[in-house]
Amino acid sequence: MLLRLKDGLVLGADTRATEGPIVADKNCEKIHYLAPNMYCCGAGTAADCDATTALISSKLELHRLHTGRQSRVVTAMTMLKQMLFRYQGHIGCALVLGGVDVSGPHLYTIYPHGSTDKLPYVTMGSGSLAAMAVFEAGWKKDMEREEAMELVKDAISAGIFNDLGSGSNVDLCVITKDSVDYRRGYSKPNERVQKEQSYVFKKGTTRILTESVRKYVDVLEGDQMDLS
């Protein structure tokens, strides 16, 4: 999720990675580095997001070395959308891109097919509907830094508690003209607490019916197994 503030922007993401109905990683990083002045949040296939952002980050580094200038956010957006359009949506990578360059702060959404939007606040991923509801209720123009951080935290938390594909913690990244403040584990609404009682069962709780299985085994072909 991404929100513009008065002199910069705030990116936010949860930390759950799923594999079908299984939680594969409870503390993954969904905020990806692209350049010193820009980051993006990834949704979709984790490997595709990692590979795509690493590739574009490398291209932006080469571009900076060649030109001797700071990367522009629109340059990263164009590189990403052209690459994703080339693969016609088969790269499962949906991104929200944010950064601050010589022309100010910029926010973009980039869809897996290569289409893009530029908006004052954006959401992507399975928890985006819950997050967008919070943004639409609480956003206002030129928000202060702390106020914007709390709104993004609340938006991510709405996704965490109302969407099974989102969960665990809230990561934030605040980008301004002069600095980047990456807050890993900014909010941890799902920390494990002490269990109310012990769930260790005493030995013998489940009765053993038999310890021998020989009478259930019949050798139909081949040599009988040596059981001595």
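## Exercises on pockets, cores and strands

The lining of the second largest pocket has one nonpolar, four polar and five charged residues. The model is predicted: local features need pLDDT of at least 70 and side-chain atom pairs pLDDT 80 or more, while totals for chains, interfaces and linings use all residues. Residues are numbered from 1 along each chain as written, and side-chain values use heavy atoms, without hydrogens and water.

**Exercise 1. Name the residues that line the second largest pocket.**

Step 1. Fix the term. A pocket is an open set of points on a 1 Å grid where a 1.4 Å probe fits, with protein on both sides within 12 Å along at least five of seven lines; lining residues have an atom within 4 Å of a point.

Step 2. Read along the chain. The lining takes in Arg16, Val23, Lys26 and Asn27, then Ser168 and Asn169, and finally Lys188, Asn190, Glu191 and Arg192.

Step 3. Sort by class. Asp, Glu, Lys and Arg count as charged; Gly is among the polar residues. Five charged residues stand in this lining, beside four polar and one nonpolar.

**Exercise 2. Describe the lining of the largest pocket.**

Step 1. Start at the centre. Of 32 lining residues, Arg16, Lys30, Gly42, Ala43 and Gly44 lie nearest the centre.

Step 2. Assign elements. These are DSSP runs: helices of at least four residues, strands of at least two. Strands E2 (8-14), E3 (17-19), E4 (22-25) and E6 (38-44) each give two or more residues to the lining, as do helices H1 (46-67) and H4 (145-162).

Step 3. Sort by class. This lining has 14 nonpolar, 12 polar and six charged residues. Arg16 also lines the second largest pocket.

**Exercise 3. Which element supplies the largest share of the largest nonpolar core?**

Step 1. Fix the terms. A core joins buried nonpolar residues through side-chain atoms within 4.5 Å; buried means under 20% relative accessible area with a 1.4 Å probe.

Step 2. Find the members. There are 19; Leu34, Met38, Leu60, Leu80, Leu97 and Ile110 have the most contacts inside the core.

Step 3. List the suppliers. E5 (31-35), E6, H1, H2 (73-86), E7 (93-101) and E8 (104-110) each provide at least two residues. H2 provides the largest share, six residues.

Step 4. Check E5. Four of its five residues are buried, so E5 is largely enclosed by the rest of the structure. A hairpin of two residues leads from E5 to E6. Across it, Ala35 has Met38 as its bridge partner.

**Exercise 4. Place E2 in its sheet and trace its partners.**

Step 1. Write the order. The open sheet runs E10-E1-E2-E11-E12, with antiparallel pairing. Two strands pair if DSSP finds at least two bridges.

Step 2. Find the edges. E10 (121-122) and E12 (180-187) each have a single partner strand, so one side of each lacks a neighbour in the sheet.

Step 3. Take E1 (2-5). Four bridges link E1 to E2, and a two-residue hairpin joins them. Leu3 faces Val10.

Step 4. Take E11. Seven bridges link E2 to E11, where Val10 faces Val174. E11 (170-176) in turn has five bridges to E12; there Ile175 stands opposite Val180.

Step 5. Test the faces. In a regular strand, side chains alternate between the two faces of the sheet. Gly8, Val10, Gly12 and Asp14 are buried on one side of E2, and Leu9, Leu11 and Ala13 on the other. Seven of the seven residues of E2 are buried.

Technical notes
Buried < 20%, exposed > 50% of the residue type's maximum accessible area, 1.4 Å probe, protein only.
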